[in-house]
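Got the viewer open? Keep the selection box handy and we'll walk through this one stop at a time.

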Amino acid sequence: MQANPQHNQLLVKHNLKITTPRLSVLAVLTTREMATSQPDLEQLLGSKIDRVTLYRTLSTFEEKGILHKVMGANGTLNYALCSSACTQHQHHDQHVHFNCTLCLNVYCLDKLQIPQLQIPDGFTTKKIDLMVSGVCDKCNNAYSK
Ligand SMILES: [Zn+2]
Ligand SMILES: [Zn+2]
Ligand SMILES: [Zn+2]
């Protein structure tokens, strides 16, 4: 695996020790255009990491603000890298997620911010999720030929 100084910096920034499993997970996630489920990550990482370490790495990353979870339409959890604005105490991934009903991939539409919602008085918002489902660009291209 090629060392990527940005990944080292990312771990340092979030007060995490630099370990090979952590770097491997980051290396895989940065190459992905879509959010990735744990079984897919296991496959992509192969023997580089055992299941328990992967599980721990993912929860540490989520806690520290390196990745966020996205629930797919079929109930699978997917993991996607956060924007640099996320910290240990607060996630700022207020973007729309897109779930393709054909390939079942979940995409982070990073540029599409969730609009401000007028929540009624007396309600406190902790987290807002906006999931759009439909057909992604790749599936549209594949089927229009
Ligand atoms: Zn985040
Ligand atoms: Zn698709
Ligand atoms: Zn996302």
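What follows is a tour of a predicted model, starting with the whole chain and then moving through the metal sites and the salt bridges.

**Stop 1: the whole chain**

Show everything as a cartoon first. You should find five helices and six strands, running along the sequence in the order α-α-β-α-α-β-β-β-β-β-α. The C-alpha atoms fill a box of roughly 50 × 45 × 25 Å along the principal axes. Colour by burial, if your viewer lets you: of the 145 residues, 35% are buried. As for contacts with a separation of 6 or more, 49% of them are between residues 24 or more positions apart.

**Stop 2: zinc ion, ligand 1**

Select ligand 1 and show the side chains around this zinc ion. Which residues coordinate it? You'll see C82 and C86 each offering SG, H91 offering ND1 and D93 offering OD, at 1.8 to 2.3 Å. Along the chain, these donors are spaced C-x3-C-x4-H-x1-D. C82 and D93 both sit in the loop between β3 (77-81) and β4 (95-100), so this pair ties together parts that are eleven residues apart in sequence.

Try the angle tool next. The four donor atoms subtend angles of 104 to 116° at the zinc ion (ligand 1), which makes the arrangement tetrahedral. For reference, the ideal angle for four tetrahedral donors is 109.5 degrees.

**Stop 3: D93, up close**

Stay at ligand 1 and centre on D93. Is D93 buried or exposed? D93 is buried, and so is C82. Does that acidic side chain have a charged partner, and if not, what is the nearest candidate? D93 has no salt bridge, and K127, the nearest side chain of opposite charge, is 8.2 Å away. A salt bridge here needs the nitrogen and oxygen within 4 Å.

There is still a polar partner to look at: the side chains of D93 and H91 are joined by a polar contact of 3.2 Å. Leaving aside residues up to four places away in sequence, D93 touches H68, C82, S83 and C86. Keep H68 selected for the next stop.

**Stop 4: zinc ion, ligand 3**

H68 takes you to another zinc ion, ligand 3, whose protein donors are NE2 of H68, H95 and H97 plus SG of C108, lying 2.0 to 2.2 Å away. The spacing of the donors along the chain is H-x26-H-x1-H-x10-C. Trace the backbone from H68 in strand β2 (residues 67-71) to H97 in strand β4: these residues are 29 apart in sequence, so the pair ties those two parts together.

H68 is buried at 6% relative accessibility, and H97 is buried at 6% as well. The angles among the four donor atoms are 101 to 113°, and the site of ligand 3 is tetrahedral.

**Stop 5: zinc ion, ligand 2**

Now jump to ligand 2. Which atoms hold this zinc ion? SG atoms do the job here, from C100, C103, C136 and C139, at 2.3 Å. Their spacing in sequence is C-x2-C-x32-C-x2-C. This site is tetrahedral too, with angles of 102 to 115° among the four donor atoms.

Switch on a surface and compare two of the donors. C100 is buried, with a relative accessible area of 0%, while C103 is partly exposed at 30%.

**Stop 6: the salt bridges**

How many salt bridges does the structure hold? There are five, and here are some to pick out.

- Select E33 and K138: their closest N and O atoms are 2.9 Å apart. E33 lies in the loop between α2 (20-31) and β1 (36-37) and K138 in helix α5 (residues 137-144), so the pair ties together parts that are 105 residues apart in sequence. E33 is exposed at 56% relative accessibility, and K138 is partly exposed at 37%. Add D137 to the selection and you have a network of salt bridges linking E33, D137 and K138.
- Select E42 and R51: the closest N and O atoms of this salt bridge are 3.1 Å apart. E42 is partly exposed at 23%, whereas R51 is exposed at 58%.
- Select D129 and K127: these side chains meet in a salt bridge of 2.8 Å, N to O. D129 is exposed at 56% relative accessible area, and K127 is exposed at 59%.

How values were computed:
Residues are numbered from 1 along each chain as its sequence is written. Chains are lettered from A and ligands numbered from 1 in the order in which they are written. This is a predicted model: local features need pLDDT of at least 70, side-chain atom pairs count only at pLDDT 80 or more; totals for chains, interfaces and linings use all residues. Side-chain values use heavy atoms; hydrogens and water are left out. Donors are N, O and S atoms within 2.8 Å of the metal (3.2 Å for Na, K and Ca); water is not among the atoms, so sites may look incomplete. Four donors count as tetrahedral if all angles lie between 85 and 135 degrees; four count as square planar and six as octahedral if opposite donors are over 155 degrees apart and all others between 65 and 115; anything else is irregular. Helices (H or I, at least four residues) and strands (E, at least two) are DSSP runs, numbered from the N terminus. Buried means under 20% relative accessible area, exposed over 50%, partly exposed in between (1.4 Å probe, protein chains only). Lys and Arg count as positive and Asp and Glu as negative; His and the chain ends are not counted. A polar contact is a pair of N or O atoms within 3.5 Å; within protein, one must be able to donate a hydrogen and the other to accept it, and residues adjacent in sequence count only if both atoms are side-chain atoms. Contact means heavy atoms within 4.5 Å.
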